[in-house]
Amino acid sequence: MTDHTFRQFDTDIDMMRSAVSMMGGLVERQLVRAVDAVRYADLRLVTQVLEDERVVNQLHLESDLRCNQMIARRQPIAVDLREIIAVIHTINDLERIGDEAKKIALKAKTFVDGRLPVPFEPIGRMTDIVVEMLHGAIDAFVRQDASAAARLTMRDDEVDALRDSLVAQLIGRMTDDPATVSDALALVFVVQSIERVGDHSKNVAEYVVHVVSGVDPRHNRLELAGD
């Protein structure tokens with residue numbers, strides 16, 4: 001963006017962006033480890049996800065406080081205010097991604113024998129897309145790249161399609177073999193959590209578009225729904 005009269009304001013903005021980047025990296029690592037914990041029945045990864053969860057929560061609280069202090073002290077306007085508000089929304093989404101990663105990791109305890117009710121490959125593909133979305137959204141936020149952010153939102157349809165296919169497959173598995181109900185249901189929750197991470201990543205990308213252009217893509221969706 002632009003330099004400000006008060007250098008401390010620029011420092012605060014840089015710290016704010018660094019916190020978003022750090023939180024983004026942590027929750028991305030949480031998600032990858034959580035899905036790997038399910039895939040390999042590795043309970044050590046579950047412990048690591050829970051350890052990162054505490055750090056993410058602390059960063060969330062510290063960043064939220066910093067943003068509110070900046071609004072109170074600097075009384076920002078226009079693009080500066082939009083960015084601070086976007087950071088508040090973004091860290092909320094990142095904290096929720098951490099929550100979803102925690103849910104996934106805890107489901108790994110269901111599959112301690114290493115056997116899944118369906119092949120892992122489509123779940124892995126879904127996770128790869130979501131991780132790419134999350135990484136790209138954070139990168140777009142740090143660089144304030146609205147065009148890159150806008151392109152990311154389109155990948156959410158791929159994630160939704162994979163989610164629907166996997167859930168249908170798991171329901172079919174439960175119908176065919178009642179003995180798999182518990183495992184299949186646990187995996188349904190895993191798939192739904194991965195899909196929600198994609199939703200949160202899309203939200204972050206949309207905040208970038210709003211900061212840079214002043215247009216909130218979420219409002220366009222509401223208008224289309226109203227039509």
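## Helix 4

Helix 4 (residues 121-143) runs for 23 residues and reaches 33 Å from its first C-alpha to its last, close to the 33 Å expected at 1.5 Å a residue (the expected span is 1.5 Å times one less than the number of residues). Helices here are DSSP runs of H or I with at least four residues, numbered from the N terminus. Right after helix 4 comes Q144, with a positive phi near 55°.

This is a predicted model, so local features need pLDDT of at least 70 and side-chain atom pairs count only at pLDDT 80 or more, while totals for chains, interfaces and linings use all residues. Residues are numbered from 1 along each chain as its sequence is written, and side-chain values use heavy atoms, with hydrogens and water left out.

## Helix 2

Helix 2 (residues 43-74) has 32 residues, which should span 46 Å at 1.5 Å a residue, and its end C-alpha atoms are indeed 46 Å apart. At the N-terminal end, D42 acts as the cap, with a side-chain oxygen 3.0 Å from the backbone nitrogen of R44. Just past the helix, Q75 has a positive phi of about 45°.

Buried residues (under 20% relative accessible area, 1.4 Å probe, protein chains only) of helix 2 include L45, V46, D52, E53, H60 and M70.

## Helices 6 and 7

Helix 6 (residues 156-176) packs on helix 7 (residues 181-213) at about 170°, axes 10 Å apart. The axes are lines fitted to C-alpha atoms over the stretch in contact, with angles from 0 to 180 degrees between N-to-C directions. The pair is therefore roughly antiparallel (over 145 degrees).

Note on methods:
Helix = DSSP H or I, 4+ residues; strand = E, 2+ residues; numbered from the N terminus. Parallel < 35°, antiparallel > 145°, perpendicular 65-115°, else oblique. Buried < 20%, exposed > 50% of the residue type's maximum accessible area, 1.4 Å probe, protein only. Polar contact = N/O pair within 3.5 Å; in protein donor to acceptor, adjacent residues only side chain to side chain.
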